[in-house]
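Colleague: Got a minute? I'd like to go through this model with you.

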Amino acid sequence: MMAAILRERERRRAEAERERVARDADAIRARCSTLAGFVKEAWHVLEPTNPLKWSWHLDAMCAHLEAISFGQMEPRLIINVPPGSSKSMIVSVLWQAWEWGPLGKASLRYLTTSFEEENVKRDTRKTRDLIRSEWFRALWPEVVLTRAGETSFASSATGTREGVPFASITGKRGDRFVIDDPHSLDGAESEADRTKATRRFLEGGLNRVNDQTASAIVVVMQRLHEADLSGVLLSRQLGFVHLLIPMEFELARRCVTPIGWQDPRTYDGELMDPVRMPREAVDRLKSVSDYSWAGQYQQRPVPREGGLFKRHWFEGKIIKAAPAGTVWWRHWDLAASTKKSSARTAGVKMGRTPDGKFIVAHVIKTQAEGAQVRSLIKSTAEIDGYEVGISLPQDPGQAGKVQKSDFIAQLAGWNVRAEPETGDKFTRAEPFAAQCEGGNVYLVEGEWNSDYLDELCLFPGGTWKDQVDASSGAFGRLVKPAAPRALFGTYGSARG
């Protein structure tokens, strides 16, 4: 008896839904003109018992995918968001259905992948089932499936969906290449597994698109290691737009993208989605593991061995300007080579205030070499002004003496010092780290803040160490008794 009652209820519900869609078809299609609107309208088809809880981070993902669909940005996108953000539903499921239906592009060919084969099957089935649903067919009847397998389907307009495990991406192509979580949690811990995965993508994945200028590559994942696929792609500057959304907002890492979007939060610690993930739930997650919280939720993976610098030391330490009377030095850490994986050249401008605090006012870095580096040092000195001392490391041997002489001659009029460095990078950084831990180091607000803090907090395990070394050198010069005094009062803007 109960089963019959439930069947009748379901029949009436389905009939009411058919009548609603038929009555409101034009209005529904109008709301589906945007991807965010389509997600809101289609959600109930795939998740009838799990109501959609909308948040700004969903708008952010939709806006960037839309920008690709409409040709408003480079079709290369990396999305780093925490678990439970509906990233797979939006990127791996609903985007294709929206492009095929409301956007009228059912000829687009999708290649989708994930580390877990079951996730590939899950998301391919969801996309297929949505397109085959009575709701979708009533609104976009022109989209007809001619093949409907579990990991592969096709439209009558020659569009396709091929879902493959990440290990099997070679031999396939698409107009949209979606990589959703390319690493397993365990695999990201293994250097060998990480290297294999990133090499597979660099050597066999970047060319999996039909058109290198128009086809899209979208990587969506939580960060698991600094050398995971996101980290490697970003470090190589391959033209990917980076949408970075940590669970808790960090002002120094506010994400701004080329489409005019920026993280809308205003204060450190503000939650991404307090409805889905309220404060008490966030605090429980944070208590489990600093490492997993930093990577998976804050999108700034830190080596398990820990770093010499801790991010919380810099909370509330970003200021607008330095006080009058601050003494300034800029130290340059010079790269020996621009070959793959080598260090960069970095110049850190640091000051000591009259009351003994330390202020990092500006950081500049480059992978240029030779004359370009000399030109950069000279032009930066001109912007900084004569009151900012300049220090450089002196390499041992005759070549270092010649280099020292050349730099000093080039910077005539400035207070320039070039001295050999002693000790390893870690040892040189320890005195500066002690002052950071003691709450005595501040940063002048600037666009360089995020990258600078990331490098400090990954040190000594990170790939890059040049900004840390330049900071150590500037700090070392400031604590020497012969530091020059500021000549013109307040110097604290991002460029001095």
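Colleague: Which strands does helix α12 lie across?
Modeller: Keep in mind that this is a predicted model. Helix α12, residues 371–384, lies across β10 (327–333), β11 (345–352), β12 (358–366) and β13 (388–393). Its direction is at about 170° to β10.

Colleague: And what does helix α16 touch?
Modeller: Helix α16 (residues 466–478) packs on the sheet and touches β10, β11, β12, β13 and β14. The angle between its direction and that of β11 is about 35°.

Colleague: What's the strand order in that sheet?
Modeller: The order is β9-β15-β12-β11-β10-β13-β14, so to speak an open sheet of 7 strands with mixed pairing. At the edges sit β9 (318–319) and β14 (416–419), each pairing on one side only.

Colleague: How does β9 pair with β15, parallel or antiparallel?
Modeller: Parallel, over 2 bridges, with β15 covering residues 441–444. Ile-318 stands opposite Leu-443 of β15.

Colleague: Changing topic: where is Ser-184 found?
Modeller: Ser-184 is in the loop between β6 (176–180) and α7 (185–189). Leaving out residues up to four places away in sequence, Ser-184 touches Phe-115 and Leu-224.

Colleague: Why does Ser-184 count as buried?
Modeller: Because its relative accessibility is 14%, and buried means under 20%.

Colleague: What about Ser-55, buried or exposed?
Modeller: Ser-55 counts as buried, at 8% relative accessibility. Ser-55 lies in the loop between α2 (35–46) and α3 (56–69).

Colleague: Which residues is Ser-55 in contact with?
Modeller: Met-272 and Asp-273, if you set aside neighbours within four places in sequence.

Conventions
Residues numbered from 1 in each chain as written. Predicted model: local features only at pLDDT ≥ 70, side-chain atom pairs only at ≥ 80, totals over all residues. Heavy atoms only, no water. Pairing = 2+ DSSP bridges. Helix = DSSP H or I, 4+ residues; strand = E, 2+ residues; numbered from the N terminus. Contact = heavy atoms within 4.5 Å. Axes fitted to C-alpha atoms, helices over the stretch in contact; angles between N-to-C directions. Buried < 20%, exposed > 50% of the residue type's maximum accessible area, 1.4 Å probe, protein only.
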